[in-house]
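Student: I'd like a close look at one part of this model, please. Pick a place to start, and then show me what lies around it.

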Amino acid sequence: MNIPSMKLALSRLPHLDYIFADCCNMMCLEVAYELKDVTDYLFGSPAEIPAAGAPYDKVVTEMFNTNISSVYKNIIDHYRDSKSVPLSCVKTSEMVNLANATKAVLKNMKAKHGDAFNYP
C-alpha cells in the first residue's frame, strides 16, 4: 500500500475522525505523520495481524458508540483481548510536535557524539 497515494485519495473525502487499519505493520510514526492531515486518530498495529483480522463483532459496534471518549480505549481492549496482538491509537495532531522533539534530540545527540548521529 502506498501511503502517500492513500493520503491523496483520502484528502478528497471529508476529514475522518479515525482510520482503523486492520492490516500488518500499519502503525509506525511515518504512516501516522503522513496521514495527520486526513484523520484525527490512527489505529494500527506494528505487528503482523492474524488472518482472521479484527474481532469485528465487537469493534464495529464500538465505531458507532456515541461516547467518543471510550471508543478508542474500547476498540484497543477488544482487539487485544481477542487476538493478543498489539494495537495502538495515535492522536495525529501531535505528530508535528513529536517530529520537532525528535529533531531536537537528534541535534543534541549529534552535538555530543558527532557524526554517528547524522540526520537530514
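**A close look at the sheet and its surroundings**

Tutor: Let's start with one pair of residues: Leu42 has Val90, in strand β3, as its bridge partner. Keep in mind that this is a predicted model, so everything here is computed from predicted coordinates.

That pair belongs to a wider match. Strand β2, residues 39-44, runs antiparallel to β3, and four bridges link the two. In general, strands of a sheet pair through backbone hydrogen bonds, in either a parallel or an antiparallel way. Now zoom out a little. The sheet is open and has three strands, in the order β1-β2-β3, with mixed pairing. The edges are taken by β1 (16-20) and β3 (88-91); each of them has a single partner strand, so one side of each has no neighbour in the sheet. From one strand to the next, the twist averages 15°.

What sits against β1? Part of the answer is helix α1, whose buried residues pack against β1 and also against α2 (29-34). Helix α1 covers residues 3-10, and its buried residues are Ile3, Met6 and Leu10. Look down the axis of α1 and those buried residues fall within an arc of 55°, so they line one face of the helix. The spacing fits a handy rule: an α-helix has 3.6 residues a turn, so residues three or four places apart point the same way. At the start of α1 there's another detail to find: a side-chain oxygen of Asn2 comes within 2.9 Å of the backbone nitrogen of Ser5.

Next, follow the chain from α2 towards β2. In the loop between them you'll meet Asp37, which is partly exposed, at 48% relative accessible area. Leaving aside residues up to four places away in sequence, Asp37 touches Lys7 and His15. The Lys7 contact is a nice one to trace on screen: Asp37 and Lys7 are 30 residues apart in sequence, yet their C-alpha atoms are 8.3 Å apart in space. The side chain of Asp37 also makes a polar contact, at 3.2 Å, with the side chain of Lys36.

To finish, let's visit helix α4, residues 68-83. The model has five salt bridges, and here is a group that links up. Asp77 and Lys73 meet through their side chains, with 2.4 Å from N to O. Those two are four residues apart in α4, so about one helical turn separates them. Buried or exposed, what are Asp77 and Lys73? Asp77 is buried, with a relative accessible area of 16%, because that falls under the 20% cut-off. Lys73 is exposed, at 54%.

Asp77 has another partner as well: Arg80 forms a salt bridge with Asp77, and their closest N and O atoms are 3.2 Å apart. Arg80 and Asp77 are three residues apart in α4, again about one helical turn. Arg80 counts as partly exposed, at 41% relative accessibility. Arg80 then carries the chain of contacts on, with its side chain meeting that of Asp81 in a salt bridge of 3.1 Å, N to O. Asp81 is exposed, with a relative accessible area of 57%. Put together, salt bridges with shared partners join Lys73, Asp77, Arg80 and Asp81 into one network.

Note on methods. Residues numbered from 1 in each chain as written. Predicted model: local features only at pLDDT ≥ 70, side-chain atom pairs only at ≥ 80, totals over all residues. Heavy atoms only, no water. Pairing = 2+ DSSP bridges. Axes fitted to C-alpha atoms, helices over the stretch in contact; angles between N-to-C directions. Salt bridge = Lys/Arg side-chain N within 4 Å of Asp/Glu carboxyl O. Buried < 20%, exposed > 50% of the residue type's maximum accessible area, 1.4 Å probe, protein only. Arc of directions from axis to C-beta. Contact = heavy atoms within 4.5 Å. Polar contact = N/O pair within 3.5 Å; in protein donor to acceptor, adjacent residues only side chain to side chain.
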